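Trainee: I have a structure open and would like to learn how to read it. Where should I begin?

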Amino acid sequence: MRLRSIVLSIAISAVLAVPSSARQAAPVQLRSPDVIFVPTPQEVVDAMLRLADVSADDVVFDLGSGDGRVPITAARTYGARGVGIDIDPERIKEANENLRTAGVEDKVRFLNEDLFTSDISEATVVTLYLLPSLNLKLVSKLNAELMPGTRIVSHAFDMGEIRPEQTQNVNGRTIYLWTVPIQ
Ligand SMILES: C[S@@+](CC[C@H](N)C(=O)[O-])C[C@H]1O[C@@H](n2cnc3c(N)ncnc32)[C@H](O)[C@@H]1O
């Protein structure tokens, strides 16, 4: 009994010894990802941002941001602000490492969150490389939270019956553009 109390108090002291900011910041595995990490080739990232007509006034959200290449490119190339959301803590760690190397830490942040429950209302451009079923599941959230005029660009996957305004072929890969409200 006594031994248990001693072990417990050592464990509690160890937790309290870590500053609260560090405890909150540590990325955690919330649940299994809905789709695995496959990076968008850089030339396709560049084409997606061009198709969305990104400028320094934009806030680019990549939903399922992987290694962070989309928000980092938006910040480096266009001076836009970027937000990447990924449920996988390993991806968040990798994206933050890439962000430090890219030197645009003042413009980009990565959030270890579920894209279906994240607040995305600040976005003026949203990028996706998910799955057709996930795009469809997102439609009501995109329309409810995003400002009218927000551009949405998806790599590889459409939104079923919802016709895109533009499609483009980039080295054999298709990218799609819609503007909110999407219908
Ligand atoms: C196909 S990768 C795309 C990565 C990046 N957007 C790109 O185009 O290079 C999909 C990413 O979505 C993330 N993901 C899957 N389900 C998610 C969810 N519910 N919330 C947030 N991220 C998720 C995965 O961890 C993975 O990094």
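**Reading helix H6**

Mentor: Begin with one helix and its neighbours. The buried residues of H6 pack against strand S4 (125–128) and strand S5 (151–155).

Trainee: Which residues of H6 are buried?

Mentor: Burial is judged by counting C-beta atoms around a residue; 20 or more others within 10 Å make it buried. In H6, this holds for Asn-135, Leu-138 and Leu-142.

Trainee: How many residues does H6 have, and what span should they give?

Mentor: A helix has an expected span of 1.5 Å times one less than its number of residues. H6 covers residues 132–145, which is 14 residues, so it should span 20 Å; the C-alpha atoms at its ends are 20 Å apart, in agreement.

Trainee: Where is the kink in H6 centred?

Mentor: A bend is read as the angle between axes fitted on either side of a residue. In H6 the kink is about 40° and is centred on Leu-138, one of the buried residues of this helix.

Trainee: What surrounds the ligand, by class?

Mentor: Sort the shell by residue type. Here it has eleven nonpolar, seven charged and five polar residues. Of the 23 residues around the ligand, those that come nearest are Pro-33, Thr-40, Gly-64, Gly-66 and Tyr-129.

Trainee: Over which residues does pLDDT stay under 50?

Mentor: This is a predicted model, and pLDDT gives the predictor's confidence in each residue. The protein averages 89, and 86% of its residues score at least 70. Residues 1–24 stay under 50, and the model has one contact for them beyond four places in sequence.

Key. Residues are numbered from 1 along each chain as its sequence is written. This is a predicted model: local features need pLDDT of at least 70, side-chain atom pairs count only at pLDDT 80 or more; totals for chains, interfaces and linings use all residues. pLDDT is the predictor's confidence in each residue, from 0 to 100. Two residues are in contact if their C-beta atoms, placed from the backbone, lie within 7 Å. Helices (H or I, at least four residues) and strands (E, at least two) are DSSP runs, numbered from the N terminus. The bend at a residue is the angle between axes fitted to the seven residues ending there and the seven starting there. A residue is buried if 20 or more other C-beta atoms lie within 10 Å of its own, exposed if 12 or fewer, and partly exposed in between; C-beta atoms are placed from the backbone. A residue is near a molecule or strand if its C-beta atom, placed from the backbone, lies within 6 Å of it. Ala, Val, Leu, Ile, Met, Phe, Trp, Tyr, Cys and Pro count as nonpolar, Asp, Glu, Lys and Arg as charged, and the others, Gly among them, as polar.
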